[in-house]
Amino acid sequence: MTHAAPPRPALARRSQGLKGIARVPGDKSISHRSFMFGGLASGETRITGLLEGEDVMRTGEAMKAMGAQIRKAGDEWIIQGVGNGCLLQPEGPLDFGNAGTGSRLTMGLVGVYDMETTFIGDASLSGRPMGRVLDPLRQMGVQILKAAPGDRMPITLRGPKHAAPITYRVPMASAQVKSAVLLAGLNTPGITTVIEPVMTRDHTEKMLQGFGANLTVDTDDAGVRHIFIEGQGKLTGQTIAVPGDPSSAGFPLVAALIVPGSDIVIENVLMNPTRTGLLLTLQEMGGNIEILNPRNAGGEDVADLRVRSSELKGVAVPASRAPSMIDEYPVLAAAAAFAEGETLMQGLEELRVKESDRLAAVARGLEANGVDCTEGEATLAVRGRPGGKGLGGGTVATHLDHRIAMSFLILGLATEKPVTVDDANMIATSFPEFMGLMKELGAEIE
Ligand code: S3P
């Protein structure tokens, strides 16, 4: 089992205007997939801009354990892949640490292989539901040899001699479940079909097409996507430049909006429309965010963001926007704490099964810092206090959740009293440079 480091508390205090140019690390979703698809494809894949966070490194280790060669030369990661269908049985369990994406996608990728694989993780990951991935895999012929109650890790899978292609309608808005089924389809004869009623991030589809998979998408009149993948085709190594992670960019972005006198630029941020919900919401709240130099890089839209401090107003965020900002609600809540009036966030049911129950963790953290909020079953209403007078002074329980830790450190940059988080260790899973980058901009964080 993963060794847990002792908790390392951190504190943020009211700061002077943030200034400067920042570059956030590479997108986490694209980084995981780069290691996976590069490790699977024939020939060489070269990656720049990869997020070197703990979650992604676990995916790299898993791919190495199954036969891929992965090394770093200068700024570049170079992978020699095994070829589609040729992954090897790992000698020991695959330890995914805190990473839901790495573990769920890999379960799809290798679950259908005629071999045994065991998946383990930290206390947070071991508490998360895996049935959402195991259910379609069972339909494809995968045996679940071992699982903790409620389809939780540790989990041991064994694939059939030949997996059965299925048509699977994804029952919740989840790119991880969609991706797991598509990746299982890669090693399954025939056509595997995924029906996606609500569009989620489409990195798996775009990147697999880039690697040469025969994958097509039809969107019907109701907006429902039908994704078809032909199994057992050839994948060929690619050159990938990973753009900056819009979820990580959300932290300096909100910080600059709420700290008076701020004016920053965040460079090279991924602008894929399935990921820009936070930007849209903050603009609706009156955030002064300019989108500079919009361009296309390696098949993805990217831009630089100039952000200046702003007087924010509360808005109602529609449930339909949740998939495009699912990881950004904690930091949106930090922005909402300083907005005039109420910000109502709806359609948050998936927040309950993230690295923590994020809906509860955010509500408790806000309450601990004097922010008026109401937690519903799948909603959060935050009533802000412009200027942050009287706010802060609390300690937030982060529950092994990197985004809870970062969001509340951002909150503390504009509250009257400092905000403490009980553990900043997990920040390294997705944004190892967070503390240094924020301090460079002028944030008082320690
Ligand atoms: C991800 C999908 C989302 C997101 C996660 C990354 C991905 O999870 O929260 O951080 O890379 O596919 P769900 O599929 O559970 O919504």
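In this predicted model, the count of aromatic pairs comes to 5. One of them joins Phe37 and Phe211, whose ring centres are 5.9 Å apart and whose planes stand at 85 degrees, so this pair is edge-to-face; the angle needed for that label is over 60 degrees. Phe37 belongs to helix α1, while Phe211 sits in the loop between α7 and β12 (215-219), so the contact ties together parts that are 174 residues apart in sequence. Are these two residues buried or exposed? Both Phe37 and Phe211 are buried.

Another pair is made by Phe251 and Phe434. Here the ring centres lie 6.0 Å apart with the planes at 85 degrees, so Phe251 and Phe434 are edge-to-face. Phe251 is part of helix α8 (residues 246-258) and Phe434 is part of helix α13 (residues 434-441), so parts 183 residues apart in sequence are tied together by this pair. Phe251 and Phe434 are both buried. Together with Phe431, Phe251 and Phe434 form one aromatic cluster.

The loop that holds Phe211 leads back to helix α7. This helix spans residues 203-210, and its buried residues include His203, Thr204, Glu205, Met207 and Leu208. After α7 comes Gly212, which has a positive phi, near 100 degrees.

Helix α1, the home of Phe37, also has a part in the largest pocket. That pocket holds about 540 Å³ of space. Its lining consists of 36 residues, and the closest to the pocket centre are Ala173, Ala175, Arg201, Ile326 and Lys354. Which elements give two or more residues to this lining? They are α1 (28-40), α3 (100-111), α6 (175-186) and α12 (402-411). Sorted by class, the lining has 16 charged, 11 polar and 9 nonpolar residues.

The cysteines are the last topic. How many disulfides does a search of the whole structure find? The search finds 0 disulfides. Two cysteines can be described by their accessibility. Cys86 has a relative accessibility of 43%, so Cys86 counts as partly exposed, because that class lies between 20% and 50%. Cys373 has a relative accessible area of 12% and is therefore buried, as the limit for that class is under 20%.

Notes. Residues numbered from 1 in each chain as written. Predicted model: local features only at pLDDT ≥ 70, side-chain atom pairs only at ≥ 80, totals over all residues. Heavy atoms only, no water. Disulfide = S-S within 2.5 Å. Buried < 20%, exposed > 50% of the residue type's maximum accessible area, 1.4 Å probe, protein only. 1 Å grid on protein atoms, 1.4 Å probe; cavity = no way out; pocket = protein on both sides within 12 Å on 5 of 7 lines; lining within 4 Å. Points joined across faces, edges and corners; volume = space filled by probe spheres on them. Helix = DSSP H or I, 4+ residues; strand = E, 2+ residues; numbered from the N terminus. Nonpolar A, V, L, I, M, F, W, Y, C, P; charged D, E, K, R; others polar. Phe/Tyr/Trp six-rings, centres within 6.5 Å; stacked < 30°, edge-to-face > 60°.
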